[in-house]
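Trainee: Before we look, I would like to go through the contacts and ask how each label is earned.
Mentor: Fine; ask about the labels one by one.

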Protein chains: 2
Amino acid sequence: MSKSKSNKCQRMTLQRRIIQEILHNTTSHPTAENIYLEARKKLPYISLGTVYRNLKVLLQDNKIQELNYGKGVSHFDGNYFPHYHFVCQACGRVYDIDITMQQGLLESAKAAAMGEITSHRLEFYGICNACLMEKQSQAN
Amino acid sequence: MSKSKSNKCQRMTLQRRIIQEILHNTTSHPTAENIYLEARKKLPYISLGTVYRNLKVLLQDNKIQELNYGKGVSHFDGNYFPHYHFVCQACGRVYDIDITMQQGLLESAKAAAMGEITSHRLEFYGICNACLMEKQSQAN
DNA sequence: TTACTTGCAAAAGCTTTGCCTTACT
DNA sequence: AGTAAGGCAAAGCTTTTGCAAGTAA
């Protein structure tokens with residue numbers, strides 16, 4: 001019997017390990033491009049295609065999460081545990097937000113849905129403190 | 001004084017009116033392509049670029065909402081009133097879901113956020129009844 | 001040794017944009 | 001009449017993919 005449930009990740013290459021490390025050592029929700037640039041510091045010849053391919057494998061293994069806002073780039077989150085986000089509409093940064101959804105809301109969603117719910121996603125949008133401060137200092 | 005707040009929409013062309021009508025007469029959350037195909041039934045020479053340009057204008061005027069799931073196409077929603085959605089992961093259809101977020105959750109989000117929240121988005125994912133039934137009938 | 005992975009580059013898919021023409025107001 | 005908007009097609013961007021070579025196991 002296999003020790004893993006849905007492991008698509010069959011060989012641990014240097015590239016894969018580094019991408020995984022980058023994601024698990026940050027809470028900044030980087031894009032594929034961000035990860036690529038970071039990885040190149042250690043592996044100058046890594047290619048963007050490899051980054052995308054590995055992100056896909058890590059997603060299938062549920063080791064990371066993909067977050068997309070607007071139709072632009074996807075962000076990736078090394079924290080695979082369900083949690084919610086706050087997206088700054090000025091700078092695009094994505095912050096974790098530490099709240100839990102009430103069971104009641106989930107229950108009423110399940111009752112109201114036109115089918116079976118398996119997961120959900122909750123995001124908040126606004127302006128982050130860093131951008132608010134910047135705006136304030138510009139006003140002076 | 002102008003009668004509108006943020007009107008980017010300055011001329012009501014036939015194209016614009018038809019796109020608006022299509023969106024307001026459906027709850028099916030069509031993609032730009034869907035809208036284009038539908039509009040062509042009435043305006044055979046309308047172009048996809050025009051559809052995108054008008055959707056952008058309608059978005060800026062807050063007359064419609066844009067919904068994107070995964071990194072594929074965007075869906076558009078003629079209902080600009082805040083509400084939530086249920087997305088079928090089998091067929092991609094998007095359903096409205098009739099629930100309200102508890103004020104308490106919004107409050108705790110505002111308290112926990114790294115900035116000022118202006119809006120939020122809540123989606124549920126799963127398999128819709130239509131797809132569940134199809135799967136069931138295939139099993140027979 | 002096998003076949004999963006990589007690099008590179010081309011292709012794909014959705015959306016935007018430039019340019020010139022059309023037509024709303 | 002003036003200029004926003006349309007049509008067409010090319011360009012732009014992010015992501016995917018084909019292929020030959022490399023490499024983990």
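What follows is a talk about a predicted model and the protein surfaces near its two DNA strands, C and D.

Trainee: What makes a residue count as near DNA strand D?
Mentor: One of its heavy atoms has to lie within 4 Å of the strand. For DNA strand D, 20 residues surround the strand, and the closest are A:Y52, B:R11, B:Q15, B:R16 and B:T50. Of the strand D atoms that come within 4 Å of the protein, 70% belong to sugar and phosphate.

Trainee: Why is the pair formed by B:T13 and DNA strand D called a polar contact?
Mentor: A polar contact is a pair of N or O atoms within 3.5 Å. A polar side-chain atom of B:T13 lies 3.0 Å from a phosphate oxygen of DNA strand D, so the pair qualifies. B:N54 also places a polar side-chain atom 3.0 Å from a phosphate oxygen of this strand. In A:M12 a polar backbone atom takes part, 3.3 Å from a phosphate oxygen of DNA strand D, and that value is within the 3.5 Å limit too.

Trainee: Which elements give two or more residues to the surface near DNA strand D?
Mentor: They are helix 3 (48-60) of chain A, and helix 1 (14-24) and helix 3 (48-60) of chain B. The largest share, 4 residues, comes from helix 3 of chain A.

Trainee: Now DNA strand C: which residues come nearest?
Mentor: Of the 21 residues around the strand, A:Q10, A:R11, A:T50, B:M12 and B:Y52 come nearest. Sugar and phosphate make up 72% of the strand C atoms within 4 Å of the protein.

Trainee: How do you know that A:T50 makes a polar contact with DNA strand C?
Mentor: An N or O atom in the side chain of A:T50 is 2.6 Å from a phosphate oxygen of DNA strand C. The limit is 3.5 Å, so this is a polar contact. A polar side-chain atom of A:N54 lies 3.0 Å from a phosphate oxygen of the strand, and a polar backbone atom of A:S47 is 3.1 Å from one.

Trainee: Which element gives the most to the surface near DNA strand C?
Mentor: Helix 3 of chain B does, with 4 residues. Helix 1 (14-24) and helix 3 of chain A are also among the elements giving two or more.

Trainee: What makes 7 residues of the surface near DNA strand C charged?
Mentor: Asp, Glu, Lys and Arg count as charged, and 7 residues of that surface fall in this class, beside 8 polar and 6 nonpolar. The surface near DNA strand D has 7 charged, 8 polar and 5 nonpolar residues.

Terms used. Residues numbered from 1 in each chain as written. Chains lettered and ligands numbered in written order. Predicted model: local features only at pLDDT ≥ 70, side-chain atom pairs only at ≥ 80, totals over all residues. Heavy atoms only, no water. Polar contact = N/O pair within 3.5 Å; in protein donor to acceptor, adjacent residues only side chain to side chain.
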